[in-house]
Amino acid sequence: MENTSEEYELKKEEGVISESFNVPPNIKQIGMLDDRVKIYIEDYVYTYLNEFSKSGGNRERLAVLVGKHIDVQNQEIIVISGAVEGKDTVFTGDVEEFTDDSYNFINSQIDTYFKDLSIVGWMRSQPGFGAFISSRDEGFHKSCFKYSWQILYIIDPLEKMNAFYAYNAEKTAIVPARGYYIYYDKNRNMQDYMMNLKSNKEPEDEEAGDIPICERKEETKEDEDVVSKMRDIIKSKAKPSSSSEGYVFGTKTALVMLSVFLFVGLLNSMFKIKKLENDISAIKSSYGTMIQIAEGKTLASVYSPQSNDYNVNNVSSSAGESTMVSANTNNASGETEPSGASEDSAENSYDAAEAVNNETKAVLEETSPGIFKEATLPEYYVVEAGDSLEYISRKFYGDRSKMKEIMELNNIEDPDKIYFGYKIKLPH
């Protein structure tokens, strides 16, 4: 049965407006106070609409809000005490829409459960798109819900957002309400309606023309494109593109590779540090051995008699010159040893010192050749008291074979005439 808008308006307006309003005793304020309009929604209705929106998954849901409109001192008060789902809606383009069957079903439910209530607005759920109102919904609201007190309730069940929209004071635009109230009541009618839905015992549709079949207002293609683009943008943000997934995968792979390289580099550094510690320990050990040789074993050659190849004379010098050490030494009793015994002792001392030096030199050259060469072969040597060319040759080369090279390198004519403090260049 088809009704005109005028018949619908007269029937729904009749007996609804009142000049008094009793605030429910148990209420909870959501948001801020709005001097332009006050919206009260009963807790059963509020819970039902949220669950109804969630049950649709990613699909939009529609419903009609029923209740009372009260005008108290020129302030709009809307009390929502019931809601009827929009059954048999269809998805056209990119939104859900009411159909003729939807309106017939809503009429039958209102006549069965909410006879004394009026239609005060409608509800749309839009999963993942927030609680904003599109230009298409605003046009539909202005076309089918023309009264200044009729409202729109938008729910996003995925983002858990909701908002009420109402006409502004000039009734030129639909603007969001700053807040609303949830009140608690027995609400027997809504409980019966919800129990009937659960038991799937729906009353038979009655032919009633209380709700006109509103067609959506013709909109420009530009408005439709804007809404579609906004929805596409939000969907693209909710679902990452293949290119972004590839970028994330590449970034993760690069981080893993970098971590592996850093780990390998750290291991190499640890091995190098360990090797360096071992080398330092070897250097310390070799250095200690050389100190022992220099202070102990090699001192025998310093005070050993010269061989018979050269004449040893006592050289007197004036101030600044020192006397060379005599080849003959006194025993403990002060007597001079026989020359034959002295020569045998000297030869034995030379042989022992040379054997020790050669053995030590072989060990050092095998373990740390670089250290040995650097420690035993300096570029210059400063003559100390009691030194001779033979001693210097044996000290640095292990035998007397370098005496001639030392003399030639330093222009020394007499091997016995070297003095304390004289700087001698050593052959390499």
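**Entry 1. The whole chain**

I take contact to mean heavy atoms within 4.5 Å. With that in hand, I looked up how far along the sequence the contacts of this predicted model reach. Among contacts between residues at least 6 apart in sequence, 72% join residues at least 24 apart. I then listed the secondary structure and found 12 helices and 13 strands. The protein has 428 residues, and I noted that buried ones make up 39% of them.

**Entry 2. The nonpolar cores**

I turned next to the largest nonpolar core, which has 54 residues. Which of its members touch the most other members? I recorded Ile41, Tyr48, Leu49, Leu65, Ile80, Phe114 and Phe164. I followed one of these, Leu65, to its contacts, leaving aside residues up to four places away in sequence. Leu65 touches Leu49 and Ile80, and its list also includes Gly82, Ala83, Trp122, Met123, Ile151 and Tyr153. A run from Ser118 through Ile119, Val120 and Gly121 is also among the residues that Leu65 touches. I also found a second, separate core of 14 residues, with Phe396, Met403, Ile412 and Leu426 among them.

**Entry 3. Helices H11 and H12**

I examined helix H11, residues 389–397, together with helix H12, residues 403–410. Their axes come within 9 Å and cross at roughly 110°. Angles of 65 to 115 degrees count as roughly perpendicular, and H11 and H12 are therefore roughly perpendicular to each other. I noted the crossing of H11 and H12 as right-handed. On the H11 side, the contact is made by Leu389, Glu390, Ile392, Ser393 and Tyr397. On the H12 side, Met403, Ile406 and Met407 take part. Sorted by class, this contact of H11 with H12 has 6 nonpolar, 1 polar and 1 charged residues.

I then asked how many of the 9 residues of H11 are buried. The count is 8, and I describe H11 as mostly covered. I listed the buried residues of H11 as Leu389, Glu390, Tyr391, Ile392, Ser393, Arg394, Phe396 and Tyr397. Of these, Phe396 also appears in the second core. Just after H11, I found that Gly398 takes a positive phi of about 90°.

**Entry 4. Helices H2 and H5**

I compared a second helix pair, H2 (residues 43–55) and H5 (residues 188–199). The axes of H2 and H5 come within 10 Å and cross at roughly 30°. Are H2 and H5 roughly parallel or roughly perpendicular to each other? Angles under 35 degrees count as roughly parallel, so I entered H2 and H5 as roughly parallel. The crossing of H2 and H5 is left-handed. From H2, I found Tyr44, Val45 and Tyr48 meeting Met190, Gln191, Tyr193, Met194 and Leu197 of H5. By class, the contact of H2 with H5 has 7 nonpolar residues, 1 polar residue and no charged ones. Tyr48 is also one of the largest-core members listed in Entry 2.

**Entry 5. Two loop residues with positive phi**

I looked for positive phi values outside glycine and recorded Asp88, at about 60°. Asp88 is found in the loop between strand S4 (75–85) and strand S5 (90–92). Its relative accessibility is 41%, so I counted Asp88 as partly exposed.

Lys160 is not a glycine either, and I noted its positive phi of about 55°. I placed Lys160 in the loop between strand S8 (151–156) and strand S9 (161–167). Is Lys160 buried or exposed? At 73% relative accessibility, Lys160 counts as exposed.

**Entry 6. Residues distant in sequence**

I began with Gly31, which belongs to strand S1 (residues 27–31). Gly31 and Arg178 are 147 residues apart along the chain, and I found 6.2 Å between their C-alpha atoms. Residues up to four places away aside, Gly31 touches Arg178 and Gly179.

I looked next at Arg61, in strand S3 (residues 61–72). At 23% relative accessibility, I counted Arg61 as partly exposed. C-alpha to C-alpha, Arg61 and Thr89 are 8.3 Å apart, with their positions 28 residues apart in sequence. Leaving out residues up to four places away, I listed Phe52, Ser53, Ser55, Gly56, Met123, Arg124 and Ser125 as touching Arg61.

Lastly, I located Ser135 in helix H4 (residues 135–144). Ser135 counts as partly exposed, at 31% relative accessibility. I found its C-alpha atom 9.8 Å from that of Ile174, which is 39 residues away along the chain.

Note on methods:
Residues are numbered from 1 along each chain as its sequence is written. This is a predicted model: local features need pLDDT of at least 70, side-chain atom pairs count only at pLDDT 80 or more; totals for chains, interfaces and linings use all residues. Side-chain values use heavy atoms; hydrogens and water are left out. A nonpolar core is a set of buried Ala, Val, Leu, Ile, Met, Phe, Trp, Tyr and Cys residues joined through side-chain atoms within 4.5 Å. Buried means under 20% relative accessible area, exposed over 50%, partly exposed in between (1.4 Å probe, protein chains only). Axes are lines fitted to C-alpha atoms, for helices over the stretch in contact, and angles run from 0 to 180 degrees between N-to-C directions. Helices (H or I, at least four residues) and strands (E, at least two) are DSSP runs, numbered from the N terminus. Angles under 35 degrees count as roughly parallel, over 145 as roughly antiparallel, 65 to 115 as roughly perpendicular and the rest as oblique. A crossing is left-handed if the near helix is turned anticlockwise from the far one by less than a right angle, and right-handed if clockwise. Ala, Val, Leu, Ile, Met, Phe, Trp, Tyr, Cys and Pro count as nonpolar, Asp, Glu, Lys and Arg as charged, and the others, Gly among them, as polar.
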